[in-house]
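Trainee: Got a minute? I'd like to walk through this model with you.
Mentor: Sure, put it up.

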Amino acid sequence: MLFPKRLWSGIADGSVTLAFRRWEQPRARPGARHRTPAGVVEIESVKAVDPAKITDAAARRAGAADADEIRAILARRTGTHYRIAFHYAGADPRIELRGAAGMSDSAWADLAAELERIDRATRRGAWTIPTLELIRDRPEVAAADLAAAVGRERLPFKADVRRLKELGLTESLRPGYRLSPRGAGLLDYLSRRATSSPSGRGRSAARG
């Protein structure tokens, strides 16, 4: 679920616990957890609602001034009106993961092996480390431009970067991306491993 920036602090402090949406089909389900810029929220209930019965008190729990503000926003969309109750379930675990730059060499080796497994599962071959290197070398460059630089379509490229983000290796910016401390640490480890290997060569071009 998407929330405007003005609601992030309210979600984190527990003062925003409702959302009203207009969907053709429900896009949330009770028990599901969603990552947001404010942190993780857990859905408690999803119920169809008559917009005329939305109260001012409920609207304030959704971060609005009153029910009329909610109804005006919903009027811009089509579909069934839904009332979604949720609670803040904690910080996004990827934030802590992204900062994990001081790992042991054995932990870095395990992470590198995980990326190798991801690479082997695709037909086009190794892409994880080259993508990290591309982001390292071209931070804050729009995804479309990065994709074009390596002959990829924008949406598949963004999907790949999301996989790296799930591992805490990249951070999204506007525009583009940057390496997290964890991502930079991985490339540094691979560079050190390549330098110390008997052949003087390591995986990919992690030569930075």
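Mentor: One term before we start. Two strands pair if DSSP finds at least two bridges between them. Keep in mind that this is a predicted model.

Trainee: OK. Which residue stands opposite Leu18 in E4?
Mentor: Ala85 does. E1 and E4 pair in the antiparallel sense, over six bridges.

Trainee: And what is the bridge partner of Arg22 in E4?
Mentor: That one is His81.

Trainee: What pairs with E3, residues 39-48?
Mentor: E4 does, again antiparallel, over eight bridges. Within that pairing, Ile43 stands opposite Phe86 in E4.

Trainee: So what's the strand order in the sheet?
Mentor: E1-E4-E3-E2, in an open sheet of four strands with antiparallel pairing. E1 and E2 (33-36) are the edge strands, as each pairs on one side only. From one strand to the next, the twist averages 40 degrees.

Trainee: Switching to helices. Which residues of H3 are buried?
Mentor: Ala67, Ile70 and Leu74, in a helix that covers residues 67-74. They sit on the same side of H3, because they cover an arc of only 60 degrees around the axis.

Trainee: Why would that spacing work?
Mentor: An α-helix has 3.6 residues a turn, so residues three or four places apart point the same way.

Trainee: What do the buried residues of H3 pack against?
Mentor: Strand E1 (18-23), helix H2 (56-61) and strand E4 (80-90).

Trainee: And what caps the N-terminal end of H3?
Mentor: Asp66. One of its side-chain oxygens lies 3.2 Å from the backbone nitrogen of Asp68.

Trainee: Now the core. How many residues does the largest nonpolar one have?
Mentor: It has 25. Leu115, Leu132, Leu169 and Leu186 have the most contacts inside it. Two or more residues each come from H5 (105-120), H6 (128-137), H7 (143-149), H8 (154-166), E6 and H9. H5 gives the largest share, five residues.

Trainee: What about a second core?
Mentor: There is a separate one of 14 residues. Leu7, Trp23, Val41 and Phe86 are among them.

Trainee: Back to Leu169. What does it touch?
Mentor: Leaving aside residues up to four places away in sequence, the list includes Leu111, Leu115, Leu132, Leu164 and Leu186. Ser180 is also on that list.

Trainee: Where is Ser180?
Mentor: In the loop between strand E6 (177-179) and helix H9 (181-196).

Trainee: Buried or exposed?
Mentor: Ser180 is buried, with a relative accessible area of 1%. The cut-off for buried is under 20%.

Trainee: What lies by its side chain, then?
Mentor: The backbone oxygen of Gly168 lies 2.6 Å from a polar atom of the Ser180 side chain. Among the residues that Ser180 touches are Arg98, Thr170 and Glu171, with those up to four places away in sequence not counted.

Trainee: Last topic, backbone oddities. Which residues does the cis peptide bond join?
Mentor: Arg174 and Pro175, with omega about 5 degrees. Pro175 is in the loop between strand E5 (170-172) and E6.

Trainee: And what is the phi of Glu140?
Mentor: Positive, about 60 degrees, although Glu140 is not a glycine. Glu140 is in the loop between H6 and H7.

Trainee: Is Glu140 buried or exposed?
Mentor: Exposed, at a relative accessible area of 53%.

Key: Residues numbered from 1 in each chain as written. Predicted model: local features only at pLDDT ≥ 70, side-chain atom pairs only at ≥ 80, totals over all residues. Heavy atoms only, no water. Buried < 20%, exposed > 50% of the residue type's maximum accessible area, 1.4 Å probe, protein only. Arc of directions from axis to C-beta. Contact = heavy atoms within 4.5 Å. Polar contact = N/O pair within 3.5 Å; in protein donor to acceptor, adjacent residues only side chain to side chain. Core = buried A, V, L, I, M, F, W, Y, C linked by side-chain atoms within 4.5 Å. Axes fitted to C-alpha atoms, helices over the stretch in contact; angles between N-to-C directions.
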